[in-house]
Amino acid sequence: MKYVALLALPLIVTGCVVGTVARTAVDVATLPVKAVSAGVDAATTSQSEADEKRGRELRKADEARAREARKLEERCRKGKPLPEDVCPAP
């Protein structure tokens, strides 16, 4: 019985080796395709990505305008406006 098991062992292990070799061959064959697609994806910008970027830029600009408006209001309220400030009449 031990001899039968020893004779069957190489056949069983061969299936694992063939599966590994086949998997490696597929990985090697698909590697250039994956590399090119990753490069194209990195080099191009989708419409949604462009929209998100534009939205971030608009929000940052809006926040900066709001900060400047608060600073202007504070200077006018304290009575220390800059020469270019236009303060509302009290």
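At 48% relative accessibility, K53 counts as partly exposed. This residue lies in helix 2, and the model in which it is described is a predicted one. K53 also belongs to a patch of positive charge on the surface, where it gathers with R56, R59 and K60. The patch is one of several charged features considered below, after a short account of the overall fold.

The protein contains two helices and zero strands. Helix 1 covers residues 2-43, and helix 2 covers residues 47-78. Of the 90 residues of the protein, 1% count as buried, where buried stands for a relative accessible area under 20%. The accessible surface comes to about 8,200 Å². Carbon and sulfur atoms account for 66% of that surface.

A second charged patch carries the opposite sign. D41, E49, D51 and E52 form a negative patch on the surface. Helix 2 gives the most to this negative patch, contributing three residues. D41, another member of the patch, has its place in helix 1. With a relative accessibility of 56%, D41 counts as exposed, because the class of exposed residues begins over 50%. K53 in the positive patch, at 48%, counts as partly exposed.

Charged side chains also meet in pairs. Side chains of opposite charge can pair when their charged atoms come close. The structure holds six salt bridges, and three of these are described here, beginning with the pair of R54 and E57. The side chains of R54 and E57 meet in a salt bridge with an N to O distance of 3.6 Å, which is within the 4 Å cut-off for such a contact. Both residues lie in helix 2, three residues apart, and this spacing is about one turn of the helix. R54 is partly exposed, with a relative accessibility of 48%. E57 is likewise partly exposed, at a relative accessible area of 39%.

The other two bridges described involve E74. In one of them, the side chains of R77 and E74 meet at 2.2 Å, N to O. R77 and E74 are three residues apart in helix 2, so about one helical turn separates them. R77 is exposed, with a relative accessible area of 59%, whereas E74 is partly exposed at 29%. In the other bridge, the side chain of E74 meets that of K78, with 3.4 Å from N to O. E74 and K78 also both lie in helix 2, here four residues apart, again about one turn of the helix. K78 is exposed, with a relative accessible area of 55%. Through salt bridges that share partners, E74, R77 and K78 are joined into one network.

A covalent link is found as well. The structure holds one disulfide, formed by C76 and C87. The sulfur atoms of this pair are 1.8 Å apart, a distance within the 2.5 Å cut-off used for disulfides. The angle about the S-S bond is -75°, and the link of C76 and C87 is left-handed. C76 lies in helix 2 and C87 in the segment after helix 2, so the disulfide ties together parts that are eleven residues apart in sequence. C87 is partly exposed, with a relative accessible area of 29%.

Definitions and conventions:
Residues numbered from 1 in each chain as written. Predicted model: local features only at pLDDT ≥ 70, side-chain atom pairs only at ≥ 80, totals over all residues. Heavy atoms only, no water. Buried < 20%, exposed > 50% of the residue type's maximum accessible area, 1.4 Å probe, protein only. Patch = residues over 30% accessible without salt bridge, like charges linked within 9 Å, V, L, I, M, F, W, Y side chains within 5 Å. Areas by Shrake-Rupley, 256 points an atom, 1.4 Å probe, with all protein chains shown as cover. Lys, Arg positive; Asp, Glu negative; His and termini not counted. Charge placed at Lys NZ, Arg CZ, Asp CG, Glu CD.
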